[in-house]
Amino acid sequence: MDRFQHYIDGRFEDAAQGFDSIDPATGTPWARMPAASAEDLGRAVVAADRAFGAWAATTATARGKLLYRLADLVQEAAPRLAALETRDTGKIIRETSAQIAYVAEYYRYYAGLADKIEGAHLPIDKPDMEVWLRREPVGVVAAIVPWNSQLFLSAVKLGPALAAGCTVVLKASEDGPAPLLEFARLVDQAGFPAGVVNILTGGPEAGVALTTHPKVAHIAFTGGPETARHIVRASAENLAKTSLELGGKSPFIVFDDADLDSAANAQVAGIFAATGQSCVAGSRLLVQRSVKDAFLARLKAKAEAVAIGAPDAMATEVGPLCTARQRDRLHGLVTETLAAGAKLVTGGQMPQGAGFYYPPTILDCSDVPDAPSVRQELFGPVLSVVTFDIEAEALQLANDTAYGLASGVFTRSLTRAHRMIRGIRAGIVWVNTYRAVSPIAPFGGHGLSGHGREGGLAAALDYTTVKTVWLRTSDDPIPDPFVMR
């Protein structure tokens with residue numbers, strides 16, 4: 001089997017323990033991964049802390065040039081990284097190829113932004129003082145990413161953190177870490193100083209060791225709410241800042257004046273692309289009653305025409321789920337939802353044979369709007385349908401969730417679109433489109449979807465702290481020392 005290594009303090013090394021990584025398309029081991037111990041994570045954090053002073057003192061322009069170099073290397077290596085991600089996670093090659101090539105643009109964006117993180121001069125109300133603000137890096141960042149879209153989800157942490165002058169310890173998920181462990185070779189090739197970026201993988205023990213370490217200043221996490229709760233508790237040990245990009249139960253709202261063919265394609269992209277394993281998956285279809293039958297007929301036909309197959313085949317549109325654990329959980333929730341009274345439109349049958357496959361599934365939950373599949377994030381190709389009659393009802397249903405990450409609105413009415421944009425409680429509103437991203441645009445949510453933003457200038461500023469500088473310009477002696485100036 002292939003063997004992968006950790007990257008700590010500028011060196012590649014084996015771990016004392018390891019584990020087999022499973023190919024989701026076959027259900028068999030294909031590679032041996034290193035399992036980081038608490039000691040390994042501790043050494044990585046110490047290395048990052050040791051490298052921090054020199055990296056923060058490096059000019060922002062010089063940091064940007066290294067990020068530009070990394071972007072070029074990512075673009076060149078995209079086919080290799082895509083093949084690894086497909087092999088290790090089951091994500092189809094047509095998506096990993098395109099997504100990883102675009103990841104390079106995130107590093108380019110933050111490379112250009114590195115020397116544009118500015119302070120400010122304050123028009124202070126004291127004539128003998130000059131006061132200005134400096135933005136400085138917070139310190140060592142603990143970045144924790146899941147297996148899905150891991151090159152993208154690490155870029156939106158590494159890019160802004162490195163541009164701001166922070167050093168990073170990145171923990172890849174133990175479910176499919178191969179592409180990030182390979183990405184470490186690009187970091188090394190780009191010429192980042194030892195300790196600036198460290199990349200490891202491991203289970204819960206490794207996560208606890210990383211998030212509780214006293215030298216960690218900021219924890220950037222993408223994953224589920226339950227793990228996030230553990231991370232927030234762990235951050236009490238070091239009082240680290242946190243930014244949390246969590247899950248979603250995103251509403252996909254179709255009004256009767258929408259272009260139904262376009263909306264149907266967007267819904268397919270929103271729930272069946274990436275085999276539904278996306279935090280922004282449009283997993284709750286809210287469709288106006290007058291067009292429900294026509295729209296579901298379109299969706300049913302598209303779902304049943306989806307090409308399910310080996311993830312490394314370019315013709316495949318839906319591949320396997322990442323783990324058997326996830327497939328079994330998904331099927332259990334589908335079964336519970338049908339038992340609660342939902343109607344099966346299509347799918348819902350676990351296929352026989354090797355691999356962790358699950359078919360595109362549509363559940364009509366209009367009569368059971370509180371069914372499990374409507375409430376819980378499924379992280380798979382399962383769509384729950386609920387009907388509404390009027391705009392106010394659509395808005396109420398959209399906001400009837402503990403999550404608040406993404407949403408989609410499909411209508412030809414400009415005024416209605418603006419009312420929905422104002423009313424929906426979510427960090428992202430896509431109008432007549434879905435699942436579009438850019439390094440320029442912030443990304444994130446609230447509620448159980450977390451807090452903080454990734455992408456855009458907001459993310460870079462999140463890795464800085466403000467220092468206020470007071471300079472007295474008078475040559476006269478300081479007056480009464482017992483009076484605050």
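Which residues in helix H13 (residues 414-423) are buried?

## Helix H13

The model described here is predicted. In helix H13, the buried residues include Arg416, Ala417 and Met420. Around the helix axis they cover an arc of only 100 degrees, which puts them on the same side of H13. An α-helix has 3.6 residues a turn, so residues three or four places apart point the same way.

The other side of H13 carries Leu414, Thr415 and Arg422, which are exposed. Here, exposed means over 50% relative accessible area, whereas buried means under 20%. The cover over the buried residues of H13 includes two helical and strand elements named here as examples, among them helix H12 (391-398) and strand E13 (251-254). Strand E18 (408-410) and strand E19 (430-431) also belong to this cover.

## The whole chain

The protein chain contains 14 helices and 21 strands. Its C-alpha trace spans about 80 × 55 × 40 Å along the principal axes. For 485 residues, a compact globule would have a radius of gyration near 23 Å, and the value for the protein chain, 24 Å, agrees with this.

Of the 485 residues in the protein chain, 56% are buried. The exposed area of the protein chain is about 19,400 Å², and carbon and sulfur atoms supply 55% of it. Among contacts in the protein chain with a separation of 6 or more, 74% are between residues 24 or more positions apart.

## Nonpolar cores

In soluble globular proteins, nonpolar side chains tend to be buried together. The largest nonpolar core in this model has 64 residues. Those with the most contacts inside this core are Leu70, Val74, Tyr107, Leu162, Phe183 and Phe192. Helix H2 (residues 60-89) supplies the largest share of the core, eleven residues.

Valine 74 shows what such contacts look like in detail. Leaving aside residues up to four places away in sequence, valine 74 touches Ile100, Val103, Ala104, Tyr107, Phe183 and Leu186. A second core, separate from the largest one, has 33 residues, including Leu260, Ile271, Val385 and Tyr434.

## A sheet of three strands

Three strands make an open sheet with mixed pairing, in the order E1-E5-E4. Strand E1 (2-3) and E4 stand at the edges with a single partner strand each, so one side of each has no neighbour in the sheet. E1 and E5 run parallel and are joined by two bridges. Arginine 3 has arginine 32 in E5 as its bridge partner.

Strand E4 (residues 17-23) and strand E5 (residues 28-35) pair in the antiparallel sense, over seven bridges. Isoleucine 22 stands opposite proline 29 in E5. The hairpin of E4 and E5 has four residues between the strands, and glycine 27 in this hairpin takes a positive phi near 75 degrees.

## Positive phi outside glycine

Most residues other than glycine have a negative phi. Where does phenylalanine 379 have its place? The answer is the loop between helix H11 (372-375) and strand E17 (382-388). Phenylalanine 379 has a positive phi, near 60 degrees, although the residue is not glycine.

Asparagine 432 also has a positive phi near 60 degrees and is a residue other than glycine. Asparagine 432 lies in the loop between E19 and strand E20 (450-451). With a relative accessible area of 39%, asparagine 432 is partly exposed.

Terms used. Residues are numbered from 1 along each chain as its sequence is written. This is a predicted model: local features need pLDDT of at least 70, side-chain atom pairs count only at pLDDT 80 or more; totals for chains, interfaces and linings use all residues. Side-chain values use heavy atoms; hydrogens and water are left out. Two strands pair if DSSP finds at least two bridges between them. A nonpolar core is a set of buried Ala, Val, Leu, Ile, Met, Phe, Trp, Tyr and Cys residues joined through side-chain atoms within 4.5 Å. Buried means under 20% relative accessible area, exposed over 50%, partly exposed in between (1.4 Å probe, protein chains only). Contact means heavy atoms within 4.5 Å. The arc is that of the directions from the helix axis to the C-beta atoms. The radius of gyration is taken over C-alpha atoms; the globule rule is 2.2 Å times the number of residues to the power 0.38. Accessible areas come from the Shrake-Rupley method with a 1.4 Å probe; for residues, only the protein chains shown count as cover.
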